[in-house]
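Please open the structure in your viewer and keep the selection tool at hand. The tour below moves from one selection to the next and says what is found at each stop.

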Amino acid sequence: LISDTTEELAMRAIKSFKKTSRDYELILINDGSTQGVDMLKREADVYIENKKNLGYAISVNKGWMAARGTYIVTANNDIEVFDLWQCEFIRLIKEYRAGLIGGLGSRERIIEGMPIEDYRDNVGINRYMLSEGGRLGSWMFPGGFFMITRKTLKTNGFFDENFISGGYEDVDYFYRAKLKGIKMIMTSSVW
């Protein structure tokens, strides 16, 4: 979980993850914020602090390097997840033999170009993502909340740190995954 803003926002995200997750290691990266430092240290299993804002790519990479699990979740500090999100992510990764899964939030827009009738459920979303249209046009999804497997991290590497903060490092990562044949899937309304 990357935090660079208010303590209240980060605490809501942390509480939602702790309430809805099982068998996890909570890595909190403070990307230069002076707010809520004590709270972040107290809540984290692993606390990483950047003395100044180094940007999303560097912060994510530090978290990925510290992570020990088979499945690694990357989330912004404004994400509040719903019950069973973690089980659903892992189930779908296994079912589709995917290396990366993204979650559409309850406020997310429809995937560009995706037929509206396919958007209503996970089966429709994944059928589209794995179809010709999905392979060619919708390989990218919101980078503020997604899960990768340890194998994907080894194959695809880390975020490119040459991107300026919020500067499409996630788009680049997903595109590189696509080029390497890593299967990427979506699920709906998990945050």
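Which residue in β2 does Ile 2 stand opposite? Before selecting anything, bear in mind that this is a predicted model. Now select Ile 2 together with β2, and you will find that the residue standing opposite is Ile 29.

**The parallel sheet**

Widen the selection to β1 and to β2, which covers residues 27–31, and you have two strands that run parallel and are joined by 2 bridges. Adding β3 completes an open sheet of 3 strands in the order β1-β2-β3, with parallel pairing. Colour β1 (2–3) and β3 (46–50) separately, since these strands stand at the edges with a single partner strand each, so one side of each is left without a neighbour in the sheet.

**The mixed sheet**

Next select β4, β6, β5 and β7, which in that order form an open sheet of 4 strands with mixed pairing. Its edge strands, each pairing on one side only, are β4 (71–75) and β7 (184–187). From one strand to the next, the twist averages 20°. Within this selection, look at β5 (residues 100–103) and β6, which run antiparallel and are joined by 3 bridges; Ile 101 has Met 147, in β6, as its bridge partner. If you then add α4, you will see this helix pack on the sheet, where it touches β4, β5, β6 and β7, while its direction makes about 45° with that of β6.

**The nonpolar cores**

Turn now to Ile 14, Phe 17 and Phe 145, which touch the most other members of the largest nonpolar core, a group of 25 residues. At least two residues of this core come from each of α1 (7–20), α2 (37–43), α4 (85–96) and β6 (145–149), and α4 gives the most, with 6 residues. Apart from this core lies another, of 20 residues, including Tyr 56, Ala 57, Phe 174 and Ile 182. Returning to Ile 14 and leaving aside its neighbours within four places in sequence, show its contacts, which are Leu 1, Leu 26, Leu 28, Met 39, Leu 40 and Glu 43.

**The largest pocket**

For the last stop, select Tyr 24, Glu 25, Tyr 71, Ile 72 and Val 73, which of the 27 residues lining the largest pocket lie nearest its centre. This pocket has a volume of about 590 Å³. Its lining takes at least two residues from each of β2, α3 (56–66), β4 and α4, and β4 gives the most, with 5 residues.

Definitions and conventions
Residues are numbered from 1 along each chain as its sequence is written. This is a predicted model: local features need pLDDT of at least 70, side-chain atom pairs count only at pLDDT 80 or more; totals for chains, interfaces and linings use all residues. Side-chain values use heavy atoms; hydrogens and water are left out. A nonpolar core is a set of buried Ala, Val, Leu, Ile, Met, Phe, Trp, Tyr and Cys residues joined through side-chain atoms within 4.5 Å. Buried means under 20% relative accessible area, exposed over 50%, partly exposed in between (1.4 Å probe, protein chains only). Contact means heavy atoms within 4.5 Å. Two strands pair if DSSP finds at least two bridges between them. Axes are lines fitted to C-alpha atoms, for helices over the stretch in contact, and angles run from 0 to 180 degrees between N-to-C directions. On a 1 Å grid over the protein atoms alone, a cavity is a set of points where a 1.4 Å probe fits but cannot get out, and a pocket is an open set with protein on both sides within 12 Å along at least five of seven lines; lining residues have an atom within 4 Å of a point. Grid points are joined across faces, edges and corners, and a volume is the space filled by probe spheres set on the points.
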